[in-house]
Amino acid sequence: MPATPGRSCGSCTLCCQVLEIDEFDKPAGQLCGDCRLGGGCKIYKKRPEVCRDFECEWLTERDVAVVLNPHRTGVLFMIDADSDEYLAVCDPKKPHVWRQPLVFRHLLAKAKAGHVVVAKAGTFAWRVYPNGESAPWA
Ligand code: SF4
Ligand code: SF4
């Protein structure tokens with residue numbers, strides 16, 4: 001899907017840090033060894049397919065406000081391809097950044113719209129419910 005006009009990854013590398021990438025055994029929260037200091041991929045032209053295919057929700061979806069730029073919030077929004085859950089993926093070293101008011105408001109709106117919303121940080125996960133409550137999620 002093309003990026004929403006006016007949006008680009010810029011110096012954001014949050015997905016290269018927070019996501020677990022099975023294809024090359026990268027654990028969640030550890031910056032990929034091919035990530036350049038200050039932003040960008042050292043092997044951009046030859047980056048793996050899984051990296052070429054990935055776009056976070058902020059990049060492609062207009063309903064994710066500009067201020068929710070993952071580089072700024074430390075939270076990456078994505079839809080889990082297997083479970084269809086709406087994920088807010090955070091750095092395991094900052095596991096509660098999804099509780100920032102602007103981020104939480106977005107997650108609550110998604111939950112009210114019928115999504116199963118889950119905040120994740122490494123092996124920890126919390127479900128955000130439409131009534132504004134949240135609880136650990138297996
Ligand atoms: S988290 Fe989103 S905006 Fe940031 S680098 Fe990844 S795809 Fe781009
Ligand atoms: S290979 Fe490049 S695009 Fe893929 S995670 Fe590493 S730095 Fe990011």
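Is tryptophan 126 buried or exposed? In this predicted model, tryptophan 126 is buried, because 20 other C-beta atoms lie within 10 Å of its own and a residue counts as buried from 20 such atoms upwards. Tryptophan 126 has its place in strand β4, one of the five strands that the chain contains alongside five helices. The points below take up the overall build, the sheet, selected residues and the surroundings of the two ligands.

**Overall build**

- Along the sequence, the five helices and five strands follow one another in the pattern α-α-α-α-β-β-α-β-β-β.
- The radius of gyration of the chain is 15 Å, close to the 14 Å that the globule rule gives for 138 residues, so the chain is as compact as a globular protein of that length.
- Taken along the principal axes, the box filled by the C-alpha atoms of the chain comes to roughly 45 × 35 × 25 Å.
- Of the 138 residues in the chain, 27% are buried, and of the contacts between residues at least 6 apart in sequence, 46% join residues at least 24 apart.

**The sheet and its helix**

- The five strands form an open sheet with mixed pairing, in the order β1-β2-β3-β4-β5; its edge strands are β1 (75–79) and β5 (134–136), each of which pairs on one side only.
- When direction is ignored, neighbouring strands of this sheet are turned against each other by 25° on average.
- Helix α5 (residues 101–112) packs on the sheet, where it touches β1, β2, β3 and β4 (124–128), and the direction of α5 makes about 140° with that of β3.

**Strand pairing and hairpins**

- Strands β2 (residues 86–90) and β3 (residues 117–121) run parallel and are joined by five bridges; across this pairing, tyrosine 86 stands opposite valine 117 and alanine 88 stands opposite alanine 119.
- Strands β3 and β4 run antiparallel, again with five bridges between them, and valine 117 of β3 has valine 128 of β4 as its bridge partner.
- In the hairpin of β3 and β4, two residues lie between the strands, and glycine 122 takes a positive phi near 60°.
- Strands β4 and β5 pair in the antiparallel sense over three bridges, with serine 134 in β5 as the bridge partner of valine 128.
- The hairpin of β4 and β5 has five residues between its strands, and in its turn glycine 132 has a positive phi of about 95°.

**Burial of strand β3**

- Five of the five residues of β3 are buried, so this strand is largely enclosed by the rest of the structure.
- Val117, Ala119 and Ala121 point one way from β3, whereas Val118 and Lys120 point the other way, and all of them are buried.

**Two buried residues and their contacts**

- Leaving aside residues up to four places away in sequence, tryptophan 126 touches Val118, Ala119, Ser134, Ala135, Pro136 and Trp137.
- Tryptophan 126 and glutamine 30 are 96 residues apart in sequence, and their C-alpha atoms are 21 Å apart in space.
- Leucine 59 is found in helix α3 and is likewise buried, because 22 other C-beta atoms lie within 10 Å and the cut-off for burial is 20 or more.
- Leucine 59 touches Ala3, Thr4, Arg7 and Cys9, again not counting residues up to four places away in sequence.
- Between leucine 59 and cysteine 15, which are 44 residues apart along the chain, the C-alpha atoms are separated by 12 Å.

**Surroundings of the ligands**

- Ligand 1 is surrounded by Cys9, Cys12, Thr13, Leu14, Cys15, Glu55, Cys56, Trp58, Leu59, Pro70, His71 and Leu76, a shell that divides into nine nonpolar, two polar and one charged residue.
- Three helices, α1 (14–18), α3 (57–60) and α4 (70–73), each supply at least two residues of the shell around ligand 1.
- Around ligand 2 stand Cys16, Cys32, Asp34, Cys35, Cys41, Ile43, Arg47, Pro48 and Cys51, and this shell comprises seven nonpolar, no polar and two charged residues.

Terms used:
Residues numbered from 1 in each chain as written. Chains lettered and ligands numbered in written order. Predicted model: local features only at pLDDT ≥ 70, side-chain atom pairs only at ≥ 80, totals over all residues. Helix = DSSP H or I, 4+ residues; strand = E, 2+ residues; numbered from the N terminus. Rg over C-alpha atoms; globule rule 2.2 N^0.38 Å. Buried ≥ 20, exposed ≤ 12 C-beta atoms within 10 Å, placed from the backbone. Contact = placed C-beta atoms within 7 Å. Near = placed C-beta within 6 Å. Nonpolar A, V, L, I, M, F, W, Y, C, P; charged D, E, K, R; others polar. Pairing = 2+ DSSP bridges. Axes fitted to C-alpha atoms, helices over the stretch in contact; angles between N-to-C directions.
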